[in-house]
Structure formats: C-alpha cells, structure tokens
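Here is a short report for someone meeting this structure for the first time. Please look at the sequence and the model before reading on.

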Amino acid sequence: MSKNEIFSKCSHINLVKNVKPKTPDGCEECLKIGDKWVYLRLCLTCGHVGCCDNSKNKHATKHFHKTKHPIVKSFEPGEDWKWCYVDEVLLE
Ligand SMILES: [Zn+2]
Ligand SMILES: [Zn+2]
Ligand SMILES: [Zn+2]
C-alpha cells in the first residue's frame, strides 16, 4: 500500500511518533494489577502498551478513550499492522 493510500484512509498518521514501548514486558495497567492479557497493542503516539479487545481488561481501547491517541500497532512478534480507532481502519 502506498503512503497516499494510507493518508486517504486515515488522517491521523501525523500523530504517529517514533515511540519506545513504556512497558515492553506487557500491558502497563495489567502489570500493575497483576492481571493477564491475550495480545498487546502499542500506542504509536505515546508508547503506551495495552491489552487487546480479546483480553478482559481491554486497556488499549481504554487508553484511546482516555487520551484520544488514535493509532495502535500490534505489539506481537511477527505482526506488523496498525489500527486507527477513529477511522476504524487497518493500515498495513
Ligand atoms: Zn485515522
Ligand atoms: Zn491490560
Ligand atoms: Zn497513547
């Protein structure tokens, strides 16, 4: 997919920063409360690591509602896709 195609699908690409995961070992909130997750998502605006919607706590989605940071990336090895919560579009 070309860059222009991505821009036409999602207008938030400019909010994607060169972030470092804040909690590379797992979901920030789950680690705090000692809970488990299924998959991890990395916020590309601030580096927050949160758990996916298959996890019971859904911290990645909660992070979006709290901060309005729109784009997350899969934090799973071998997976390279992004998801925009606002446009509800997958960016590969
Ligand atoms: Zn978007
Ligand atoms: Zn979590
Ligand atoms: Zn964030």
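Which residues coordinate the zinc ion (ligand 2)? They are Cys27 (SG), Cys30 (SG), Cys51 (SG) and His59 (ND1), at 2.0 to 2.3 Å.

**Ground rules**

This is a predicted model, where local features need pLDDT of at least 70, side-chain atom pairs count only at pLDDT 80 or more, and totals for chains, interfaces and linings use all residues. Residues are numbered from 1 along each chain as its sequence is written, chains are lettered from A and ligands numbered from 1 in the order in which they are written, and side-chain values use heavy atoms, with hydrogens and water left out.

**The zinc sites**

Donors are N, O and S atoms within 2.8 Å of the metal (3.2 Å for Na, K and Ca); water is not among the atoms, so sites may look incomplete. Four donors count as tetrahedral if all angles lie between 85 and 135 degrees. The table sets out the sites.

| Zinc ion | Donors | Distances | Angles |
|---|---|---|---|
| ligand 1 | Cys10 (SG), His12 (ND1), Cys84 (SG), Asp87 (OD) | 1.9 to 2.3 Å | 101 to 115° |
| ligand 2 | Cys27 (SG), Cys30 (SG), Cys51 (SG), His59 (ND1) | 2.0 to 2.3 Å | 102 to 118° |
| ligand 3 | Cys43 (SG), Cys46 (SG), His63 (NE2), His69 (ND1) | 2.0 to 2.3 Å | 104 to 113° |

Ideal angles at a metal are 109.5 degrees for four tetrahedral donors. The site of ligand 2 is tetrahedral. So is the arrangement around ligand 1, given its angles of 101 to 115°. The angles of 104 to 113° make the site of ligand 3 tetrahedral too.

Now the spacing along the chain. Helices (H or I, at least four residues) and strands (E, at least two) are DSSP runs, numbered from the N terminus. Buried means under 20% relative accessible area, exposed over 50%, and partly exposed in between (1.4 Å probe, protein chains only).

Take ligand 1. Its donor residues are spaced C-x1-H-x71-C-x2-D. His12 lies in the loop between α1 and α2, and Cys84 in strand β4, so the pair ties together parts that are 72 residues apart in sequence. His12 is buried because its relative accessible area is 15%. Cys84 is buried at 0%, and Cys10 is buried at 1%.

For ligand 2, the donors follow C-x2-C-x20-C-x7-H. Cys27 sits in the loop between α1 (3–9) and α2, while His59 belongs to helix α3; this pair links parts of the chain 32 residues apart. Both Cys27 and His59 are buried.

For ligand 3, the pattern is C-x2-C-x16-H-x5-H. Cys43 is in strand β1 and His69 in the loop between α3 (59–67) and β3 (71–74), so they tie together parts 26 residues apart in sequence. Cys43 is buried, at 1% relative accessible area. His69 counts as buried at 19%. Cys46 is partly exposed, at 25%.

The cysteines can also be checked for disulfides, meaning pairs of cysteine sulfur atoms within 2.5 Å. The structure holds zero disulfides.

**The sheet**

Two strands pair if DSSP finds at least two bridges between them. Five strands form an open sheet in the order β2-β1-β3-β4-β5, with antiparallel pairing. At its edges are β2 (49–51) and β5 (89–91), each pairing on one side only. From one strand to the next, the twist averages 35°. Three bridges join β3 to antiparallel β4 (residues 82–84). Lys73 stands opposite Lys82 in β4.

**Helix α3**

Contact means heavy atoms within 4.5 Å. Axes are lines fitted to C-alpha atoms, for helices over the stretch in contact, and angles run from 0 to 180 degrees between N-to-C directions. α3 lies across β1 and β2, running at about 120° to β2. Within α3, His59, Ala60, Thr61, His63 and Phe64 are buried. The buried residues of α3 pack against α2, β1 and β2. Lys68 follows α3 and has a positive phi, near 65°.

**Tyr39**

Where does Tyr39 lie? It is in the loop between α2 (28–33) and β1 (40–43). Tyr39 is partly exposed, with a relative accessible area of 36%. Not counting residues up to four places away in sequence, Tyr39 touches Gly50, Cys51, Cys52, Asn54, Ser55 and Glu76. Tyr39 and Glu88 are 49 residues apart in sequence and 18 Å apart in space, C-alpha to C-alpha.

Methods. Four donors count as tetrahedral if all angles lie between 85 and 135 degrees; four count as square planar and six as octahedral if opposite donors are over 155 degrees apart and all others between 65 and 115; anything else is irregular.
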